[in-house]
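Trainee: I would like a close look at one part of this protein, the largest pocket and what surrounds it. Please take me through it step by step.

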Amino acid sequence: QGRVIGGLWGRTAFDWLFVELLIVPESLRGRGIGTDLMRRAETEAIGRGCRNAWLDTFEFQARGFYERLGYTCFGELPDYPPGFARYFMRKTLVPGV
């Protein structure tokens, strides 16, 4: 229908990819769309010379999804928002460089 209903927003700087926002509508989850968007962003970042990626997510969001893609938690901000935690995650895109 020509409407944007989701996508990935990120940027590269200092040889890092930062994934700022990933949105896949709930009705389309579980079909590999989020995985495909992340892999496309990582491939583009590698093409730009990036060796690593980072992002953040909340406890009530998608930490497990990112861990399945190879991201590991390197920091946690507890009680942000109150009652939950914010996780900071990273992934090596180009090993041994």
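**The largest pocket and the sheet beside it**

Mentor: Strand S2 gives the largest share of the lining of the largest pocket, five residues. Keep in mind throughout that this is a predicted model. The volume of the largest pocket is about 550 Å³. Its lining counts 23 residues, and those closest to the centre are Leu22, Arg29, Ala62, Phe65 and Tyr66. Four elements give two or more residues to this lining: strand S2 (16-23), helix H1 (33-47), strand S3 (52-58) and helix H2 (63-68). By type, the lining residues divide into twelve nonpolar, six polar and five charged.

Now take S2 and the sheet it belongs to. The sheet is open and has five strands in the order S1-S2-S3-S5-S4, with mixed pairing. Its edge strands are S1 and strand S4 (72-78), each of which pairs on one side only. On average, neighbouring strands of the sheet are turned by 20° against each other, direction ignored. As a general point, strands of a sheet pair through backbone hydrogen bonds, either parallel or antiparallel.

On one side of S2 is strand S1 (residues 7-13), and the two run antiparallel, joined by seven bridges. Thr12 has Leu17 in S2 as its bridge partner. S1 and S2 form a hairpin with two residues between them. Phe14, in the turn, has a positive phi of about 55°.

Helix H1, which also contributes to the pocket lining, lies across S1, S2, S3 and S5. H1 runs at about 155° to S2.

Next comes S3, another of the elements that line the pocket. S3 and S5 pair in the antiparallel sense over seven bridges. One place to inspect this pairing is Phe58, which stands opposite Arg86 in S5. Arg86 lies in strand S5, which covers residues 85-92. The side chain of Arg86 makes a polar contact with the side chain of Asp56, at 2.9 Å. Leaving aside neighbours within four places in sequence, Arg86 is in contact with Asp56, Thr57, Phe58, Gly75, Glu76, Leu77 and Tyr80. When you follow side chains along these strands, a general rule helps: in a regular strand the side chains alternate between the two faces of the sheet.

To put the part together, return to the pocket: S2, H1, S3 and H2 each give two or more residues to its lining. S2 and S3 are neighbours in the strand order of the sheet, and H1 lies across both of them.

Conventions. Residues numbered from 1 in each chain as written. Predicted model: local features only at pLDDT ≥ 70, side-chain atom pairs only at ≥ 80, totals over all residues. Heavy atoms only, no water. 1 Å grid on protein atoms, 1.4 Å probe; cavity = no way out; pocket = protein on both sides within 12 Å on 5 of 7 lines; lining within 4 Å. Points joined across faces, edges and corners; volume = space filled by probe spheres on them. Nonpolar A, V, L, I, M, F, W, Y, C, P; charged D, E, K, R; others polar. Polar contact = N/O pair within 3.5 Å; in protein donor to acceptor, adjacent residues only side chain to side chain. Contact = heavy atoms within 4.5 Å. Pairing = 2+ DSSP bridges. Axes fitted to C-alpha atoms, helices over the stretch in contact; angles between N-to-C directions.
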